Amino acid sequence: MCNTLYKRLVQRLDARVEVATDTNFIEGILVCVTPRLLIIDGTDGYGYGPDTSQYIDTKAVNHVRFLQTENQSI
């Protein structure tokens, strides 16, 4: 993972993110970042069922987007 991206993600722990890979699109809370792994506590998008943690190899990440939450100022 690019050192700059790693540093940015570490600063944004507990932020709501969208992560895209070649085969998946994951939305949730960024809970852990290492140079080789992202861990995201995801939701099913509908508010039903248990939340699940997604473990994503950083080499598979194509895109990370930070989502604005209601209590963040613009």
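The secondary structure of this predicted model comes to 1 helix and 5 strands. Read from the N terminus, the order of elements is α-β-β-β-β-β. Of the 74 residues in the protein, 26% are buried. Among contacts between residues at least 6 apart in sequence, 39% join residues at least 24 apart. The exposed surface comes to about 5,500 Å², and carbon and sulfur atoms supply 49% of that area.

**Nonpolar core**

The largest nonpolar core holds 10 residues: Leu9, Val17, Val19, Ile26, Leu30, Val33, Leu38, Ile40, Ile56 and Val61. Strands β1 (16-20), β2 (25-33) and β3 (37-42) are the elements that give two or more residues to this core. The largest share, 3 residues, comes from β2.

Ile40 is one of the core residues. Leaving aside residues up to four places away in sequence, Ile40 touches Val17, Val19, Ile26, Glu27, Gly28, Ile29, Leu30, Val31, Thr52, Ser53, Gln54 and Ile56. Several of these partners, including Val17, Val19, Ile26, Leu30 and Ile56, are core members too.

**Two acidic residues**

Glu18 and Asp14 are set side by side below.

| Residue | Location | Relative accessible area | Class |
|---|---|---|---|
| Glu18 | strand β1 | 12% | buried |
| Asp14 | loop between α1 (3-11) and β1 | 61% | exposed |

Glu18 counts as buried because its relative accessible area of 12% is under the 20% cut-off. With residues up to four places away in sequence left out, Glu18 touches Phe25, Ile26, Glu27, His63, Val64, Arg65 and Leu67. One of these partners, Ile26, is also on the list of core residues. The C-alpha atom of Glu18 is separated by 9.6 Å from that of Gly42, and the two residues are 24 apart along the chain.

Asp14 counts as exposed because its relative accessibility of 61% is over the 50% cut-off. Its backbone also deserves a note: the phi angle of Asp14 is near 75°, a positive value in a residue other than glycine.

**Aromatic rings**

The count of aromatic pairs in the model comes to 0. One ring does have a charged group over it: the charged end of Arg12 sits over the ring of Phe66, at 4.1 Å from the ring centre.

Terms used: Residues numbered from 1 in each chain as written. Predicted model: local features only at pLDDT ≥ 70, side-chain atom pairs only at ≥ 80, totals over all residues. Heavy atoms only, no water. Helix = DSSP H or I, 4+ residues; strand = E, 2+ residues; numbered from the N terminus. Buried < 20%, exposed > 50% of the residue type's maximum accessible area, 1.4 Å probe, protein only. Contact = heavy atoms within 4.5 Å. Areas by Shrake-Rupley, 256 points an atom, 1.4 Å probe, with all protein chains shown as cover. Core = buried A, V, L, I, M, F, W, Y, C linked by side-chain atoms within 4.5 Å. Phe/Tyr/Trp six-rings, centres within 6.5 Å; stacked < 30°, edge-to-face > 60°. Lys NZ or Arg CZ within 6 Å of the ring centre and 35° of its normal.
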